[in-house]
Amino acid sequence: MKHCLVFLCLLGPFLHALAQCTVPASQFKLEGDFLIGGLFGIHHVDGPGRQHRPEFTDCSHKPFILSSYQRFHVMRFSVEEINNSTSLLPNVSLGYEIFDHCSDTQSFPGILNLISVNGVIQPWREPNKKLSQVSKAIAVVGTYISTETRTVAPLLMRNFIPMISYGASSSKFSIKQNFPSFLRTVHPLKDIIEVTVKILQYFNWSWVSFLYSDDEYGNDSQDVFIKRIKDTDICLAYTKSLSHDTDYSQIYNQIEAQNISVIIVFVSEWTARALINSAIQLKITDKVFIASDGWSSNKELPRTNGIQNIGTILGISQPIVKLPGFSDYVYASKSQNHSANSQQQMFCNQVCNCSNVNPTDVILADPSFSFPVYAAVYAIAHALHNVLQCGSNGCNGNITVYPHMVLAELKKSNFTLLNQSIEFDKNGDPKYGFYAILFWKQNGETEEVGSYRFNPSTLLIDNSRIHWHTKDKVPTSLCNWECDVGHKKAYKGIHKCCFNCEKCPKGTYVNSTEDPYTCFNCTETEWSAEGSTSCNLREVEYIRFTDSGAIVIMVLAWVLVGLTAAMSVLFAINYNTPIVRSAGGPMCFLILGCLSLCSISVFFQFDKPTTSFCILSFLPFLLFYTVCLACFVVRSFQIVCIFKVATMFHNLNTWWAKYHIQWLVITVAFGTQALLLLPSYIHDPPNPWNETSYPEKIILRCDHKYKMFSGSFVLLVFLCSLCFIFSYMGKDLPKNYNEAKAITFCLLLLILTWIIFATVHVLYRGKYNQTLNALAVLSSLYSFLLFYFLPKCYIIIFQSYKNTHQYFSGLIHNYTKTISQ
């Protein structure tokens with residue numbers, strides 16, 4: 001109750017002024033069957049927008065705005081045109097009552113007048129009480145500015161009185177919970193900002209400033225712009241609100257300091273005038289101004305002296321729609337008004353010396369918001385037409401019209417007006433129309449150089465019609481120039497538009513469209529050079545069975561198998577001869593067999609690696625070569641034992657033969673190697689692996705995990721060392737009895753082979769690595785075959801006299817005699 005009393009006290013002066021508004025005004029009021037309210041800012045209050053207390057503001061000495069006065073006449077023209085129509089609202093007349101909305105405080109009496117019934121304002125509807133009418137007006141056209149609309153709209157929303165704004169674009173009015181009966185014939189700010197962003201992207205301007213008026217319209221435009229550019233390449237380098245006491249020199253100094261070339265300006269036309277005049281006075285040059293629809297179509301500002309020096313001005317404008325018959329109406333209206341009583345100028349909240357205005361000036365004023373006024377009046381007329389169930393025979397006069405009924409039909413609007421389909425979406429925003437892109441020419445005229453159309457979104461700009469201040473070259477506005485090809489961006493500072501350029505290293509690439517800030521790694525099957533924008537497919541290499549080197553090595557392996565088989569047959573035929581017995585007797589067949597089995601590994605070194613190929617490429621060799629080395633350890637020990645140890649330990653040879661120690665040693669060696677290898681192969685077998693050491697190619701090879709086979713290698717080294725020690729001990733044996741020397745030479749050759757192999761394996765990662773593996777295996781096998789067994793075969797075949805018991809006994813007798821002496 002206390003708040004209601006305060007509100008009524010504040011309304012006291014306004015209601016008193018309202019009661020005294022009895023002076024008729026032919027231009028501002030027209031009687032009719034149904035009344036439409038109109039709110040037009042014919043005067044402008046140039047001063048602080050916010051006040052600490054409600055005060056009357058005198059509009060009489062403030063600037064007279066021709067463009068708003070033109071829109072005022074558009075509403076009058078629209079109503080008169082509808083009243084003269086035989087198809088729209090036949091036999092029904094529309095009336096209007098228009099108020100000069102120069103300030104919120106001064107304009108309250110007019111608003112209260114529109115929502116009153118017989119001078120009485122109904123604060124709320126009582127549930128059980130029927131009212132013949134809840135307000136004088138069935139709908140209101142206005143206002144132009146978002147701030148004024150925010151003040152007025154709540155009074156009209158109370159009883160769902162339709163309010164159709166022709167200029168308020170704040171996005172807050174799309175919230176239907178707060179503004180249920182609000183509609184507009186201009187697109188909301190999000191659409192204007194969308195056009196702005198599209199223009200920035202079209203010209204590749206990413207380093208921009210945003211200036212806005214310190215009011216509902218400006219603050220909302222800044223918020224929407226910041227949200228819209230969040231996921232784009234556009235950076236807001238500087239932003240500032242403008243008011244009546246703004247220091248423009250400080251603003252331009254900040255813009256110059258940050259090297260910003262594009263200035264987006266979302267303000268009203270009177271604020272824009274101050275901004276542009278300051279730029280001229282401060283000698284600002286080489287800038288691109290993007291004007292919002294609030295001032296882009298201004299007729300006077302482009303003709304300002306010196307404006308051509310500040311740069312280029314592009315504007316986003318409501319499309320200019322010519323209203324047929326409007327010019328004739330203005331001339332006729334001004335003629336009638338001039339002949340009327342010129343002293344009768346006092347009416348409600350305005351003192352308007354309108355009779356002295358030149359009709360040509362009115363017609364030539366900025367027409368960008370004229371069609372929205374025209375569409376708003378016609379939308380109300382069509383809605384009323386539907387409420388009254390009008391047809392060719394007239395309208396139903398028995399229907400009591402309430403504002404909410406008009407609102408319901410307004411939401412369903414769907415009619416054609418001057419080739420445009422007038423419709424509203426669920427938020428009361430227009431579903432029709434487009435925006436024009438204007439260029440301010442040097443001669444003070446504006447020219448349409450493009451357009452932005454909705455549904456689908458399409459931006460069209462004719463660059464040839466824009467004469468830039470940079471000699472017809474599109475200006476740039478960047479914090480940093482774009483990086484060279486193959487360079488990524490590295491953030492510098494807080495803005496994403498400011499960055500350093502870094503060249504992407506080998507094996508990476510940058511995709512500027514996907515993410516210009518990251519060097520992406522190529523996959524294992526791809527490669528790239530330094531500073532690449534894409535990856536190339538690597539060439540896959542491996543040694544095929546058909547490779548000439550592979551064929552030679554496999555032929556040598558088969559030759560080895562053939563030789564071992566031939567030697568086995570030869571040894572079998574001459575099994576009881578001294579040369580075979582001295583070579584190891586039955587052990588020779590085991591060695592030759594194992595050498596043949598070792599050669600299996602050679603065949604699995606070639607072709608495309610698989611898991612089974614990788615396993616068999618070394619497993620047979622390691623297992624059976626262990627047996628070979630164990631046999632030679634035993635054989636070299638036997639040789640030393642016969643000639644040297646046996647003379648000191650007489651029972652050793654007997655004990656050795658009795659318990660078959662040689663076979664036990666061989667079995668233990670083989671079993672130990674099997675226990676070391678098989679668990680490793682079962683748990684983590686070698687697998688095919690892509691060698692990517694070379695940038696342009698992939699070499700298919702086996703990933704032998706040598707650390708897991710370290711125990712196996714240690715065993716081989718141990719056997720090789722024992723064998724070498726024993727065989728070296730027999731280096732002074734009889735000259736013709738060269739068993740130990742042959743073994744020693746084979747071991748030296750074996751050690752040399754694997755030293756070379758290990759060195760090359762560490763240094764070389766090419767496709768011939770598998771060939772080297774096969775050569776190492778084959779060399780290890782041939783070392784024993786050629787330098788241990790082949791000489792014995794030669795003696796058997798070509799020097800049979802040495803293959804006798806007498807010859808061997810003589811050698812041993814002579815050596816024993818020499819030792820005893």
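## Cys614 and Cys702

Cys614 is buried in this predicted model, with a relative accessible area of 0%. Its disulfide partner is Cys702, and the S to S distance is 2.1 Å. Cys702 counts as buried too, at 3% relative accessibility. The link of Cys614 and Cys702 is left-handed, with -85° about the S-S bond. Cys614 belongs to helix 17 (residues 611-616) and Cys702 to strand 27 (residues 697-703), so the disulfide ties together parts of the chain that are 88 residues apart in sequence.

## Disulfides around strands 19 and 20

The model has seven disulfides. Among them is the pair of Cys479 and Cys498, with sulfur atoms 2.0 Å apart. This link is right-handed, at 110° about the S-S bond. Cys479 sits in the loop between strand 18 and strand 19 (487-491), while Cys498 sits in the loop between strand 19 and strand 20 (499-503). The two cysteines are 19 residues apart, and the pair is one that links distant parts of the chain. Cys479 is partly exposed because its relative accessibility is 25%, a value between the limits of 20% for buried and 50% for exposed. Cys498 has a relative accessible area of 7% and is therefore buried.

Cys483 and Cys501 form another of the disulfides, their sulfur atoms 2.0 Å apart. Here the angle about the S-S bond is -90°, and the link of Cys483 and Cys501 is left-handed. Cys483 lies in the loop between strand 18 and strand 19, and Cys501 lies in strand 20. They are 18 residues apart, and this pair also links distant parts of the chain. Cys483 counts as buried at 16% relative accessibility, whereas Cys501, with a relative accessible area of 37%, is partly exposed.

## Cysteines without a bonded partner

For Cys628, the closest cysteine sulfur is that of Cys594, at 4.7 Å. That is too far for a bond, because a disulfide requires sulfur atoms within 2.5 Å. Cys628 is buried, at 0% relative accessibility.

Cys793 has its closest cysteine sulfur in Cys588, at 9.3 Å, which is again too far for a bond. Cys793 is buried as well, with a relative accessible area of 7%.

## The eight-stranded sheet

Eight strands make up an open sheet with mixed pairing, in the order 8-7-9-10-11-16-17-18. Strand 8 (235-242) and strand 18 (458-461) stand at the edges. Each has a single partner strand, so one side of each is left without a neighbour in the sheet. From one strand to the next, the twist averages 20°.

Within this order, strand 7 (residues 207-213) pairs with strand 9 (residues 262-266) in the parallel sense, over five bridges. Ser209 stands opposite Ile263, a residue of strand 9.

## Helix 7 against the sheet

Helix 7 (residues 248-257) lies across four strands: strand 7, strand 8, strand 9 and strand 10 (287-291). The helix runs at about 180° to strand 8, the edge strand with a single partner.

Note on methods:
Residues numbered from 1 in each chain as written. Predicted model: local features only at pLDDT ≥ 70, side-chain atom pairs only at ≥ 80, totals over all residues. Heavy atoms only, no water. Pairing = 2+ DSSP bridges. Axes fitted to C-alpha atoms, helices over the stretch in contact; angles between N-to-C directions. Contact = heavy atoms within 4.5 Å. Buried < 20%, exposed > 50% of the residue type's maximum accessible area, 1.4 Å probe, protein only.
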